[in-house]
Amino acid sequence: TDSIGGRSVRRSWDQLHAFQFGLGWQRGPWKLGIATRINSGWPTTGLKLDFDAGPDGPILVPGPRNSKQLGAFASLDFRLSRDFDVRVGTLTGFLEATNVTNRKNPCCIDYSVKKDPQGGFFLDKEVGFWLPIIPSIGLLWEF
């Protein structure tokens, strides 16, 4: 936590509950690994509209710092690799993927003030998501 104005406030990367697990298997030149990570959502600061701000329309006013919380984060990752002995060193070919389940993990909120058809103002809130499934293939030469 941080101390702000005499109050303890959760940091933006706070993970109140977190769990990580990994498992690896190897047989000869083949290796397989899986890993998962689950944590409670990160803190965030909510916003509201102040309609008494002045003649130019409402303004955004932040609520208490990090008093709200995004949804939980979860990711399942895997890696399959094979080693090849070459004349000079070892060549490793691999296939891996992050977030295999393609879970939408909330990361951030984009706020904007918009007008409705009647000319009134409202607060639009769009939640962003981190890391869709990310496949990767590659070669590693160690010598």
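Tutor: Welcome! A disulfide here is a pair of cysteine sulfur atoms within 2.5 Å. Keep in mind that this is a predicted model.

Student: Thanks! Which cysteine is joined to Cys 107 by a disulfide?
Tutor: The structure holds 1 disulfide. Its S to S distance is 2.4 Å, and the cut-off is 2.5 Å. The partner of Cys 107 is Cys 108.

Student: Is Cys 107 buried or exposed?
Tutor: Residues under 20% relative accessible area count as buried, and those over 50% as exposed. Its neighbour in the disulfide, Cys 108, has 37% and is partly exposed. Cys 107 has 18%, so it counts as buried.

Student: Now the whole chain. How many strands are there in the protein?
Tutor: From the N terminus on, the elements are β throughout. There are 0 helices. The number of strands is 13.

Student: What radius of gyration does the protein have?
Tutor: Let's start with the box filled by the C-alpha atoms, roughly 75 × 40 × 25 Å along the principal axes. For 143 residues, a compact globule would have a radius of gyration near 15 Å. The protein, however, has 23 Å.

Student: What share of the residues of the protein count as buried?
Tutor: The accessible surface comes to about 10,200 Å², with 58% of it belonging to carbon and sulfur atoms. Burial is counted residue by residue, with under 20% relative accessible area as the cut-off. Of the 143 residues, the buried share is 20%.

Student: Which strands stand at the edges of the open sheet?
Tutor: The open sheet is formed by 5 strands in the order S3-S4-S9-S10-S13, with antiparallel pairing. An edge strand has a single partner, so one of its sides is left without a neighbour in the sheet. That is the case for S3 (18–27) and S13 (134–142).

Student: By how many degrees are neighbouring strands of this sheet turned against each other on average?
Tutor: Strands of a sheet pair through backbone hydrogen bonds, either parallel or antiparallel. Here the pairing is antiparallel. With direction ignored, the average turn between neighbouring strands is 15°.

Student: Which residue in S9 stands opposite Thr 36?
Tutor: Strand S4 covers residues 30–39, while S9 covers residues 73–85. These two strands pair in the antiparallel sense over 10 bridges. Opposite Thr 36 stands Leu 76.

Student: Is Asp 85 buried or exposed?
Tutor: Asp 85 lies in strand S9. Its C-alpha atom is separated by 15 Å from that of Arg 27, 58 residues apart along the chain. The relative accessibility of Asp 85 is 72%, and because the cut-off is over 50%, Asp 85 counts as exposed.

Student: In the hairpin of S11 and S12, which residue in the turn has a positive phi?
Tutor: S11 (residues 105–115) and S12 (residues 121–130) run antiparallel and are joined by 10 bridges. One of the bridge pairs is Lys 114 with Phe 122 in S12. There are 5 residues between the strands, and the one with a phi of about 90° is Gly 119.

Student: One more! Is Thr 44 buried or exposed?
Tutor: Thr 44 is in strand S5 (residues 43–44). Beyond its neighbours within four places in sequence, its contacts include Asn 66, Leu 70 and Ile 109. Its relative accessible area is 17%, so Thr 44 is buried.

Methods:
Residues are numbered from 1 along each chain as its sequence is written. This is a predicted model: local features need pLDDT of at least 70, side-chain atom pairs count only at pLDDT 80 or more; totals for chains, interfaces and linings use all residues. Side-chain values use heavy atoms; hydrogens and water are left out. Helices (H or I, at least four residues) and strands (E, at least two) are DSSP runs, numbered from the N terminus. Buried means under 20% relative accessible area, exposed over 50%, partly exposed in between (1.4 Å probe, protein chains only). Two strands pair if DSSP finds at least two bridges between them. Axes are lines fitted to C-alpha atoms, for helices over the stretch in contact, and angles run from 0 to 180 degrees between N-to-C directions. The radius of gyration is taken over C-alpha atoms; the globule rule is 2.2 Å times the number of residues to the power 0.38. Accessible areas come from the Shrake-Rupley method with a 1.4 Å probe; for residues, only the protein chains shown count as cover. Contact means heavy atoms within 4.5 Å.
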